[in-house]
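Please open the structure in your viewer and keep the selection panel at hand. The tour below goes from one selection to the next and says what is found at each stop.

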Amino acid sequence: MAKEKIIPIGPFHPLLEEPEYFKFFVEGEKVVDADVRIGYNHRGIEKLAESKTFEQDVFLVERICGICSTSHPFAFVQAAEDISGTQVPERAQYIRTIIGELERIHSHLLWVGLAGHFIGYNTVFMWAWKYREPVLDIFEVISGNRNHYGMFKVGGVRRDIKEQDIPGLLKAIDEVEKFCSMLTKAVMDDPVIQARTKGIGILKKQDAIDLCVVGPVARASGIEIDIRKDHPYAAYDKVNFDKIVMQDGDVFSKAAIRLLETIESVKIIRQCLKKMPQGPIDADARDIGIGEGIGQHEAPRGEVIHYVRSNGSNYPERHKIRAPSFMNVPSFKRTVIGQSISDAALITAAVDPCYCCTERMAVVDRDTNKVLFTGDDLVRLCQEKTEKIKGNMI
Amino acid sequence: MLDCLTPRHDVERFGITLVGSPRHADILLVSGIVNRQSIEKFRHVYEEVPKPKLVVAVGVCACSADMFRDSYNFVKPVDEIIPVDVYVPGCPPKPEAIISGIIKALEKIK
Amino acid sequence: MSLTEQIKNKFGDKIEMLQRSKKRIYITVAKENAKEVVRYLFSDMGARFSIATGIDNRTAIEILYHMAFDKNGAVVSVRTLVPKPELKMPTFTDIIPAAEWIEREIHEMLGVEFVGHPGLERLLLPDDWEEGVYPYRKKTFESEKENPER
């Protein structure tokens with residue numbers, strides 16, 4: 001059979017030759033300016049939310065992002081509960097925490113795989129994505145789906161974790177921990193990766209404060225924010241885990257933090273599975289009432305915040321959604337200017353925008369606005385630099 | 001969709017590889033909705049794929065736009081812009097379903 | 001001194017404070033004083049600017065600046081009204097560089113002009129979006145046009 005070829009439009013490959021999205025202006029090898037255009041996937045969700053009930057809204061916001069799909073429902077239901085004052089049952093709080101942490105693991109592994117691809121370590125890409133599969137299997141056992149789990153509702157969760165499943169889940173999470181540890185050690189100890197990523201794309205602490213970045217991007221620059229500890233919610237105040245903070249602000253720190261966080265997430269999940277009390281999983285909230293509320297969640301990329309105003313009906317009067325990348329993506333400009341274009345792809349990826357955005361990159365000539373390098377070229381340059389470094393080390 | 005390329009699902013065993021340009025492609029997988037920013041580029045990419053070509057709509061959004069139909073930024077469902085050969089519903093569809101959809105599309109041109 | 005006491009001491013009558021819960025504080029302030037209050041929270045009290053929300057109230061656009069106090073676990077939202085039809089608000093980008101994108105979004109979605117913003121271009125909407133059409137505005141009914149103070 002002849003080799004058939006497919007090309008996906010959408011999250012994986014850019015709609016080609018368009019100098020939109022991440023634009024780099026260069027002089028010689030150096031990036032002198034950068035810009036980013038967003039909006040290609042603008043679906044008008046905040047406005048749509050006003051014509052959907054609070055219940056339907058949970059499903060709507062779940063689809064904002066496929067990778068961190070549970071982060072938005074997590075923040076939204078808390079915003080609604082902030083208005084109504086609903087007390088969420090303890091078992092539901094633990095289940096919410098478990099789902100949130102499982103998502104952190106799968107999202108960080110996905111990112112590690114992509115970063116591996118960018119620097120030319122395609123084995124890292126295949127391993128990271130292979131080891132993601134057991135995590136997605138756990139999701140399927142708990143919720144029935146690998147993405148978009150439909151677990152959240154205002155007042156609790158929609159599905160319980162069956163007691164008889166827990167021993168199997170504990171075993172599965174032990175396996176996840178094994179390969180997260182192995183991957184973390186392999187990546188962090190690798191001399192080529194260190195040489196490739198240390199000192200690259202530094203975000204200085206003051207810039208991080210001025211730009212109000214969140215999540216691993218903030219923690220890599222010495223800013224000790226983590227919503228799970230600072231504004232405790234769900235069951236996060238009932239489990240032990242560490243905030244992972246580093247000081248250098250470079251690509252290596254951002255990668256290391258994400259890897260180390262997967263291990264903390266395993267710790268949290270294990271404690272939750274063991275400590276989860278019996279009891280109801282739904283407070284059966286009926287009315288939201290009149291008022292306004294805010295919900296926050298530490299998503300894999302950082303703080304998700306939702307603001308909701310309710311006028312007493314079943315439909316939100318206003319639903320503001322702010323994903324972490326909205327604060328983090330603008331910081332890429334300060335980290336990439338002055339760097340070499342062979343690092344541009346990697347530095348942009350280190351911000352971890354929704355990964356589909358990182359593929360949409362181009363280098364543009366300042367005067368003619370012609371595309372000099374496309375996203376694929378930038379990834380290739382990134383991989384070539386790694387080869388050079390490897391060559392120098394042998 | 002990316003999961004189809006990874007070892008567990010491995011779409012390559014069916015003789016399918018990912019290419020970097022529409023000009024080298026035979027099958028187009030479309031996911032998500034088409035909005036005002038992307039409609040022209042979307043048509044352009046479709047034109048670039050040489051004949052014979054197949055289009056697989058992956059996911060409910062590509063099949064019918066689902067919950068985003070009433071958005072002010074929504075234009076038209078995918079199959080009113082370009083002809084679609086196979087629809088793979090789901091939100092998201094499992095990798096096995098996507099591969100099954102691709103195989104179905106291949107059978108159309110055999 | 002608690003968070004709320006510190007803010008009340010500093011601004012006295014200029015603000016109205018509503019404490020909805022232990023961790024949720026809402027401060028209403030006149031348009032002319034909003035920047036000063038937000039600057040104090042951000043630069044002097046060390047709060048993090050989390051995001052701003054724009055809401056169409058029909059007679060005005062309400063803007064809430066959500067300031068996160070990560071050390072206390074509280075969010076203080078500073079509320080101000082930008083009256084129609086003028087809809088002008090000073091930019092906050094000189095005190096909080098992070099405000100650049102959200103001011104662009106509120107501008108294109110609600111029609112507020114942030115005076116002094118370095119580049120108030122579209123952020124999310126396509127380039128060929130119609131001028132004067134602001135998607136987040138509420139529908140105006142005929143009866144409201146005659147009697148906007150309803």
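How far apart do the C-alpha centres of domain 1 of chain A and domain 2 of chain A lie? Before answering, please keep in mind that this is a predicted model. To see the two parts, select residues 22-38 together with 329-393 of chain A for domain 1, and then residues 47-324 for domain 2, as the domain assignment gives them. Their C-alpha centres are 28 Å apart.

Next, turn to the place where these two domains meet, at which 24 residues of domain 1 of chain A are in contact with 23 residues of domain 2 of chain A. On the domain 1 side, the elements that give two or more residues are helix H13 (331-336), helix H14 (341-350) and helix H16 (375-393) of chain A. H16(A) gives the most to this side, with eight residues. If you colour the domain 1 side by class, you will find 14 nonpolar, five polar and five charged residues.

Now select helix H6 of chain A, residues 166-189. At 1.5 Å a residue, its 24 residues should span 34 Å, and the C-alpha atoms at its ends are indeed 34 Å apart, so the expected and the computed span agree. Show the side chains of A:Ile173, A:Val176, A:Cys180, A:Leu183 and A:Val187, which are the buried residues of H6(A). An α-helix has 3.6 residues a turn, so residues three or four places apart point the same way. Around the buried residues of H6(A), add helix H4 (90-118), helix H5 (122-143), helix H7 (191-197) and helix H11 (251-275) of chain A, against which they pack.

From the helices, move on to the open sheet of chain A, where three strands stand in the order E6-E7-E8 with antiparallel pairing. Strand E6 (290-299) and strand E8 (316-322) of chain A are at the edges, and because each has a single partner strand, one side of each is left without a neighbour in the sheet. From one strand to the next, the twist averages 10°. Zooming in on E6(A) and strand E7 (residues 302-311) of chain A, you can follow the ten bridges that join them, and A:Gln296 has A:Ile305 in E7(A) as its bridge partner.

Finally, bring chain C into view beside chain A, where the contact takes 24 residues from chain C and 26 residues from chain A. On the chain C side, strand E3 (48-56), strand E4 (60-69) and helix H3 (100-110) each supply at least two residues, and E3(C) gives the most, with six residues.

Terms used. Residues are numbered from 1 along each chain as its sequence is written. Chains are lettered from A and ligands numbered from 1 in the order in which they are written. This is a predicted model: local features need pLDDT of at least 70, side-chain atom pairs count only at pLDDT 80 or more; totals for chains, interfaces and linings use all residues. Two residues are in contact if their C-beta atoms, placed from the backbone, lie within 7 Å. Helices (H or I, at least four residues) and strands (E, at least two) are DSSP runs, numbered from the N terminus. The expected span of a helix is 1.5 Å times one less than its number of residues. A residue is buried if 20 or more other C-beta atoms lie within 10 Å of its own, exposed if 12 or fewer, and partly exposed in between; C-beta atoms are placed from the backbone. Domain bounds come from an automatic or database domain assignment. Ala, Val, Leu, Ile, Met, Phe, Trp, Tyr, Cys and Pro count as nonpolar, Asp, Glu, Lys and Arg as charged, and the others, Gly among them, as polar. Two strands pair if DSSP finds at least two bridges between them. Axes are lines fitted to C-alpha atoms, for helices over the stretch in contact, and angles run from 0 to 180 degrees between N-to-C directions.
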